[in-house]
Amino acid sequence: MPATPRTTTRRPLSPVLVALLSLLAAALLAAPPASAATARAEAVPTATLTEVTGFGTNPSNLQMYLYVPDSVTAHPAVVVAVHYCTGSGPAMYNGTEWAQLANTYGFVVIYPSVTRSSKCFDVSSPQALKRGGGSDPVGIKSMIDWTVNAYSADTGKIFVTGISSGAMMTNVLLGDYPDVFAAGAAFSGVPFGCFATTDGSEWNSACSGGTITHTPQEWGDLVRAAYPGYTGTRPRMQVWHGTEDDVLRYPNFGEEIKQWTNVLGVSQTPASTDSPVSGWTRTRYGATGDRAAVEAVSLQGVGHNLYANGMAARALTFFGLDSSGPAPQPQPGACKVTATTNAWNTGLTASLTVTNTGTTTINGWQLAFTLPGGQTITNGWGATYAPASGSVTATNATYNGTIAPNASVSIGYQANHGGNSAAPGAFTLNGTACTSS
């Protein structure tokens, strides 16, 4: 039998209910603040929220709620909006702007809903942290498959976002199913695998307290272990965190950045830093535009309940769903490297000139390149070089870390060679490919 949709009439939350939900949320992972917990009156959707049953494999008995706007496009994008602890799919529908944005841009929204007593998503069990392992991620994947089949959705435009427990699930889903998602946006979450437990507990106090730290490589390996052997494209990631978060402590924000920059193979040195709103610090990694590989937004003085109106629209921009064109990739013209070598017998010197051809100042840089086989750097100037052979990263010196638009820095090294004295042929600056000559 085909899956059965059931319509749920949308009713605004009463002020009393909003207050009760806020009190209940403080005992677990908190819900959005009252200002974001009620849909805005001027944005009432004309379509309705629908519950879908029989949508596929669902080992943890999740409920599936679906919002399809009247203006849905042909082959629409899909956004999975994952609720916080004590929440539900309908609460996420009523308390966020995703349905309103769907009306404007024509995409479909899936709202998974937990039925276990805690109303928290499973982000800790071994089953949840493995592709096809079971538990909530499998059920959510089934919801996506059902929606793709029912609406001929664009499988290249599947996105996930979540708040608190939903943010942690966003991290988990990107790790388990990198071939499914194009990008994710996590509001007040923790890295993939940080909440892992083996005793059946849903809570990991060390992680929530911000005391679990790993190297970027270790965090990246946890993600890669969820889908061993996967070599395809990885989804981009946007993370948000308040500096005064007392539920999932602020150090988790930095650990998420370490994890996803490693997974996506970009430098931990920001390609750009700005403050789009007073008190916010936004860093972008791998590129400087709206759709960088990793984008991180830190909110000074803000606690766990950071989600507010307007943030979903910023996530939508990161996803690339607020325009009709494809999401732009990091532009190779943002930097240019000119490389020459002067060789003798078994040695050489190389001179590299790095030019910022972008429109924003670079503050701190790492230039990555691969030495031809048989070459080993013996000393260098203008940067520190590591390792001495193979894939090398040159990190700026204290005096030349800033490169203004159209400005250049010159660096170089001396190396031994075994017959091949050529210069490197390709370079990336802070994760962005450079043109070379």
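**Exercise 1. Which residues does Met-143 touch, not counting residues up to four places away in sequence?**

Solution. Keep in mind from the start that this is a predicted model. Begin by placing the residue: Met-143 belongs to helix α4, which covers residues 135-151. Next, list the neighbours that remain once residues up to four places away in sequence are set aside, and you find that Met-143 touches Phe-55, Leu-62, Gln-63, Met-64, Ile-110 and Pro-112. Then turn to the accessibility: Met-143 counts as buried because its relative accessibility is 0%, and buried means under 20%. As a last step, take a distance along the chain and a distance in space, noting that Met-143 and Tyr-111 are 32 residues apart along the chain, while their C-alpha atoms are separated by 9.3 Å.

**Exercise 2. At what angle do the axes of α4 and α5 cross, and which residues meet there?**

Solution. First identify the two helices, α4 with residues 135-151 and α5 with residues 165-176, whose axes come within 10 Å and cross at roughly 75°. The second step is to put a word to this angle: α4 is roughly perpendicular to α5, because angles of 65 to 115 degrees are counted in that way. Third, look at the residues in contact, where Asp-136, Pro-137 and Ile-140 of α4 meet Met-169, Val-172, Leu-173 and Asp-176 of α5. Finally, sort the residues of this contact by kind, which gives 5 nonpolar, no polar and 2 charged.

**Exercise 3. Is Ser-152 buried, partly exposed or exposed, and what of Ser-125?**

Solution. Start with Ser-152, which lies in the loop between α4 and β6, the strand of residues 158-163. Ser-152 counts as partly exposed because its relative accessibility is 40%, a value that falls between the cut-offs of 20% and 50%. While you are at Ser-152, look also at its backbone, since phi is positive there, at about 50°, although the residue is not a glycine. Now move to Ser-125, in the loop between β5 (108-113) and α4. With 13% relative accessibility, Ser-125 counts as buried, and, leaving out residues up to four places away in sequence, Ser-125 touches Ser-135 and Thr-197.

**Exercise 4. How many residues of strand β4 are buried, and with which strands does β4 pair?**

Solution. Begin with the count for β4, residues 78-82, where 5 of its 5 residues are buried. Then consider the two faces separately: Val-78, Val-80 and Val-82 lie on one side, Val-79 and Ala-81 lie on the other, and both faces are covered. Before going on to the neighbours, recall that strands of a sheet pair through backbone hydrogen bonds, either parallel or antiparallel. One partner is β5, which runs parallel to β4 and is joined to it by 3 bridges, with Val-79 having Val-109 as its bridge partner in β5. Another partner is β6, which pairs with β4 in the parallel sense over 5 bridges, and here Val-78 stands opposite Ile-158.

**Exercise 5. In what order do the strands of the open sheet of 5 strands lie, and which are the edge strands?**

Solution. Write down the order, which is β17-β18-β15-β21-β22, with antiparallel pairing. The edge strands are β17 (383-386) and β22 (432-433), each of which pairs on one side only. Now follow β17 to its partner β18, residues 391-396, where 4 bridges join the two antiparallel strands; within this pairing, Tyr-385 has Ala-394 of β18 as its bridge partner. The loop between β17 and β18 holds Pro-387, and the peptide bond from Ala-386 to Pro-387 is cis, with omega near -10°.

**Exercise 6. How many helices and strands are there in the protein, and what percentage of its residues is buried?**

Solution. The first step is to count the elements, which gives 9 helices and 23 strands. The second is to take the buried residues, which make up 51% of the 437 residues. The third is to turn to the contacts with a separation of 6 or more, 73% of which are accounted for by residues 24 or more positions apart. To finish, consider the accessible surface of the protein, which comes to about 17500 Å², with 53% of it belonging to carbon and sulfur atoms.

Methods
Residues numbered from 1 in each chain as written. Predicted model: local features only at pLDDT ≥ 70, side-chain atom pairs only at ≥ 80, totals over all residues. Heavy atoms only, no water. Buried < 20%, exposed > 50% of the residue type's maximum accessible area, 1.4 Å probe, protein only. Contact = heavy atoms within 4.5 Å. Areas by Shrake-Rupley, 256 points an atom, 1.4 Å probe, with all protein chains shown as cover. Pairing = 2+ DSSP bridges. Axes fitted to C-alpha atoms, helices over the stretch in contact; angles between N-to-C directions. Parallel < 35°, antiparallel > 145°, perpendicular 65-115°, else oblique. Nonpolar A, V, L, I, M, F, W, Y, C, P; charged D, E, K, R; others polar.
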